[in-house]
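Here is a brief report on one protein model. Look over the sequence and the fold first, then read on.

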Amino acid sequence: MSEPRNGEGTTRPVPVLEKPPAGHDPDPAPGPQPDRSRAARRFWSARRVPSAVAALLLLVVAGFFLYDIAAVRAGRSAMQWRDELAAQLAERPLDDTWVLVGAGVAAALGLWLLVLAVTPGLRELLPMRRSGADVRAGLDRAAAAMVLRDRAMQVSGVQSVRVRAGRRRAEVRAVAHFRPLEEVRQDLDAVLDEAVRALGLARPLALSVRVRRPGRKG
């Protein structure tokens, strides 16, 4: 390519803007960087269904009592169910079987609501490492198990793999139809360790890998 000439007959090089290679990131801008060491907490469930059920039951019971009280204040007689309930509560002793059963059911429901209030829920979501203070990400346990299974199937000698991902541990059960089992297990350990790191979880899953031969047919 010829270079342009100026009026005095000399040449000047044309400036060239080189494109950085793919995958190359420019130097980050100065300033505070996100704290990647911050531990990501588990996701909390909204508990919409238990809250809706509890609110509906309370609304129905309160509505019945308010309607009956308003009817009595208006000069009408109380409903038969409230008279019967008041009579039963007045006549039955505290150690009566039905009183104990009702108290046990109410206590169990209250304990269930308390447990739901203080536990996070959403056990199927694994929190991922946070890259910023305003960004949270999670990975479904079934998706994590599928990724580990796909990576394990790439190991030579592996015939089938079954993966169960928990909150802290991933259990891998592989069947190898050729190659020594110890070699297959070592390759699985290396491949799965890399796969777990690539998932980007805040708390990487511990691996439990077992390899066996296929069972005999018939």
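The report goes from the overall fold to the core, then to single residues and the surface.

**Overall fold**

The model is predicted. The protein has 5 helices and 5 strands. Read from the N terminus, the order of elements is α-α-α-β-β-α-β-β-α-β. The protein counts 218 residues, and 21% of them are buried. Its accessible surface is about 16900 Å². Carbon and sulfur atoms hold 59% of that surface. Among contacts in the protein with a separation of 6 or more, 58% link residues 24 or more positions apart.

**The nonpolar core**

In soluble globular proteins, nonpolar side chains tend to be buried together. Here the largest nonpolar core holds 25 residues. Leu148, Val161, Leu188, Leu192 and Val211 have the most contacts inside it. Helix 4 (141-152), strand 3 (158-165), strand 4 (169-176), helix 5 (181-199) and strand 5 (206-212) each give at least two residues to this core. Helix 5 supplies the largest share, 6 residues.

Val161 deserves a further look. Leaving out residues up to four places away in sequence, valine 161 touches Arg149, Ala152, Met153, Val172, Arg173 and Ala174.

**Arginine 173 and arginine 179**

Arginine 173 sits in strand 4. Beyond its neighbours within four places in sequence, arginine 173 contacts Ser160, Val161, Arg162, Ser208, Val209 and Arg210. The side chain of arginine 173 also reaches the backbone oxygen of serine 208, at 3.1 Å.

Arginine 179 lies in the loop between strand 4 and helix 5. What is the phi of arginine 179? The angle is positive, about 75°, although arginine 179 is not a glycine. Most residues other than glycine have a negative phi. With a relative accessible area of 22%, arginine 179 is partly exposed, because partly exposed covers the range between 20% and 50%.

**Aspartate 96**

Aspartate 96 is placed in the loop between helix 2 and helix 3 (97-118). Is aspartate 96 buried or exposed? Aspartate 96 has a relative accessible area of 18%, so it counts as buried, the cut-off being under 20%. Its side chain makes a polar contact of 3.0 Å with the side chain of arginine 92. The side chain of aspartate 96 also reaches the backbone nitrogen of tryptophan 98, at 3.0 Å.

The table lists the side-chain contacts of aspartate 96 and arginine 173.

| Side chain | Partner | Distance |
|---|---|---|
| Aspartate 96 | Arginine 92, side chain | 3.0 Å |
| Aspartate 96 | Tryptophan 98, backbone nitrogen | 3.0 Å |
| Arginine 173 | Serine 208, backbone oxygen | 3.1 Å |

**The nonpolar surface patch**

Nonpolar side chains also appear on the surface, in a patch of about 930 Å². Leu56, Leu59, Val60, Val61, Phe64, Phe65, Ile69, Trp81, Leu85 and Leu89 make up this patch. Helix 1 (48-73) and helix 2 (80-91) are the elements that give two or more residues to it. Which of them gives the largest share? Helix 1 does, with 7 residues.

Phenylalanine 64, one of the patch residues, lies in helix 1. Its relative accessibility is 44%, so phenylalanine 64 counts as partly exposed. Patch residues need over 30% relative accessible area, and the 44% of phenylalanine 64 fits that cut-off.

Note on methods:
Residues numbered from 1 in each chain as written. Predicted model: local features only at pLDDT ≥ 70, side-chain atom pairs only at ≥ 80, totals over all residues. Heavy atoms only, no water. Patch = residues over 30% accessible without salt bridge, like charges linked within 9 Å, V, L, I, M, F, W, Y side chains within 5 Å. Areas by Shrake-Rupley, 256 points an atom, 1.4 Å probe, with all protein chains shown as cover. Salt bridge = Lys/Arg side-chain N within 4 Å of Asp/Glu carboxyl O. Helix = DSSP H or I, 4+ residues; strand = E, 2+ residues; numbered from the N terminus. Buried < 20%, exposed > 50% of the residue type's maximum accessible area, 1.4 Å probe, protein only. Contact = heavy atoms within 4.5 Å. Polar contact = N/O pair within 3.5 Å; in protein donor to acceptor, adjacent residues only side chain to side chain. Core = buried A, V, L, I, M, F, W, Y, C linked by side-chain atoms within 4.5 Å.
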